[in-house]
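Student: Please choose a single part of this model and take me through it closely. I would like to follow how that part is placed before I look at the rest.

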Amino acid sequence: EMNGNTFIALSEVAKTLNSEGVDTEIISIGKQAVQGCIACGMCGRNGGGRCTFRDDLYYRVWRCVKDGIDGLVIGSPVYYGGPNGSLCALLDRVFYSLGHELKFKPAASVVVCRRGGATATFDRLNKYFTMMNMPVVSSQYWNLVYGQTPGEVAQDEEGMQTMRTLGRNMAWMMRKL
């Protein structure tokens, strides 16, 4: 959602990337139901790394990867001490089917929480990158922003600065690689 805290945090990263000459696109799950990976292996047999499940959300991400993205930033709110379940369902499918195409592309995760669970969520999301030989982009602190009600993260000055630093570091790393 446009006024959601995760969208606001990712938009801050995107704004900084744009100022550095990097085009960005934010793909939001929103309230869509997401099919999880069943490790059927069809993505490896049906050509092009296409998941057997036919949904627009997966294919938006698939198209971005196939079009040759230069980097990836994934954001999630904290739910019960971990990332959004729908996001993990999508990421399992994306990384199972397209992980080989993401190799060596800089990546970062952004986490939004009310109070706790941020580092566990951060760790879980970064595992996708480290398992696929993707350099993890850092900031001046862990990529965390605090807020509960919609828009509240904008008041977390340190968190928003961390998002801007992440955007600059991501642009730098993409240029160097």
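Tutor: Helices here are DSSP runs of type H or I with at least four residues, numbered from the N terminus. The model is a predicted one, and the part I would choose is helix H1, which covers residues 5-19. H1 has 15 residues, and at 1.5 Å a residue these should span 21 Å, which agrees with the 21 Å between its end C-alpha atoms. Just after H1 comes Gly21, whose phi is positive, at about 85°.

The buried residues of H1 are Asn5, Thr6, Ile8, Ala9, Leu10, Glu12, Val13, Ala14, Thr16 and Leu17, and they pack against S1, S3, strand S4 (144-146) and helix H6 (157-176). On the H6 side, Ala171 is a useful residue to inspect, since this residue of helix H6 has a relative accessibility of 1% and therefore counts as buried, the cut-off being under 20%. Setting aside neighbours within four places in sequence, Ala171 contacts Leu17, Glu20 and Val22. Ile27, by contrast, lies 19 Å from Ala171, C-alpha to C-alpha, with their positions 144 residues apart in sequence.

As for the wider setting, the largest nonpolar core has 32 residues, with Tyr58, Leu90, Val94 and Phe95 making the most contacts inside it. Helix H4 (85-102) is among the elements that each supply at least two residues of this core, and H4 gives the most, with nine residues. Apart from this core lies another, of 19 residues, which includes Val13, Met160, Met163 and Met173; Val13 is also one of the buried residues of H1.

Technical notes. Residues numbered from 1 in each chain as written. Predicted model: local features only at pLDDT ≥ 70, side-chain atom pairs only at ≥ 80, totals over all residues. Heavy atoms only, no water. Core = buried A, V, L, I, M, F, W, Y, C linked by side-chain atoms within 4.5 Å. Buried < 20%, exposed > 50% of the residue type's maximum accessible area, 1.4 Å probe, protein only. Expected span 1.5 Å × (residues − 1). Contact = heavy atoms within 4.5 Å.
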